[in-house]
Amino acid sequence: MDRRIYVVDGLGAIQVDFLERGDMTVKITYSDALRDIVKPIVRVGERSWFNPKFMNWVVFQQFSDVVLNELECVSRRYA
């Protein structure tokens, strides 16, 4: 599984994992401020769904590139 880590200075990290079926997951180190940045990007119900078991968003494959581009606009890639 491929993984990318993005950092939003002073707020925390965003972990992106790419699933074998083509979807990807987005998980954050929890803070209200970071959630407020990421939630409009993943757009639950349109681009993704929230998985309460793993506390992450599952982004549908067709929106992966758009979500990654928007994440890169608000953060810097760490790994």
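**Notebook: loops, helix H2, strands and a pocket**

I began with Met55, which I found in the loop between S4 and S5. I note at the outset that the model I am reading is a predicted one. The backbone at Met55 caught my attention, since its phi is near 55°, a positive value in a residue other than glycine. I recorded for comparison that most residues other than glycine have a negative phi. I then looked up the accessibility of Met55 and entered it as exposed, with a relative accessible area of 52%, because the cut-off for that word is over 50%.

Next I turned to the loop between H1 and strand S4 (48-51), where I located Arg43. Arg43 also has a positive phi, near 45°, and is again a residue other than glycine. Its relative accessible area is 33%, and I therefore wrote Arg43 down as partly exposed.

The loop between H1 and S4 also holds Arg47. Is Arg47 buried or exposed? I found a relative accessible area of 6%, which means that Arg47 counts as buried. To see what surrounds this side chain, I listed its contacts, leaving aside residues up to four places away in sequence, and obtained Ile41, Val42, Val58, Val59, Phe60, Phe63, Val66, Val67 and Glu70.

Val67, one of those contacts of Arg47, led me to helix H2, which spans residues 64-74 and has Ser64, Val67, Leu68 and Leu71 as its buried residues. Looking down the axis of H2, I saw that these buried residues fall within an arc of 100°, so they line one face of the helix. On the face turned away from that buried side I noted the exposed residues Asp65 and Cys73. I then asked what covers the buried residues of H2. The cover includes strand S1 (2-8), strand S2 (12-18), strand S3 (24-28), helix H1 (32-42) and strand S5 (56-59).

Two of these covering elements, S1 and S2, I followed further, and they pair in the antiparallel sense over 7 bridges. Within that pairing, Ile5 stands opposite Gln15 in S2. The hairpin made by S1 and S2 has 3 residues between the strands, and there Gly10 takes a positive phi near 80°. S1 is also joined to strand S6 (residues 76-77) by 2 bridges, and S1 and S6 run antiparallel. For Val7, I found that the bridge partner in S6 is Arg76.

I next searched for aromatic pairs, and the structure holds 1 of them. Phe50 and Trp57 form this pair, with 5.7 Å from centre to centre and 70° between the planes, an edge-to-face arrangement. I looked up the accessibility of each partner separately: Phe50 counts as partly exposed at 33% relative accessibility, whereas Trp57 is buried, with a relative accessible area of 7%.

Last, I examined the largest pocket, in which about 160 Å³ of space lies. Which residues line this pocket? I listed Lys27, Ile28, Tyr30, Arg35, Lys39, Phe50, Met55 and Trp57. The lining therefore brought me back to both partners of the aromatic pair, the partly exposed Phe50 and the buried Trp57, and also to Met55, the exposed residue with which I began. As for the elements that contribute, I noted that S3 and H1 each supply at least two residues of the lining.

How values were computed
Residues are numbered from 1 along each chain as its sequence is written. Side-chain values use heavy atoms; hydrogens and water are left out. Buried means under 20% relative accessible area, exposed over 50%, partly exposed in between (1.4 Å probe, protein chains only). Helices (H or I, at least four residues) and strands (E, at least two) are DSSP runs, numbered from the N terminus. The arc is that of the directions from the helix axis to the C-beta atoms. Contact means heavy atoms within 4.5 Å. Two strands pair if DSSP finds at least two bridges between them. Rings of Phe, Tyr and Trp (its six-membered ring) pair if their centres lie within 6.5 Å; planes under 30 degrees apart count as stacked, over 60 as edge-to-face and the rest as tilted. On a 1 Å grid over the protein atoms alone, a cavity is a set of points where a 1.4 Å probe fits but cannot get out, and a pocket is an open set with protein on both sides within 12 Å along at least five of seven lines; lining residues have an atom within 4 Å of a point. Grid points are joined across faces, edges and corners, and a volume is the space filled by probe spheres set on the points.
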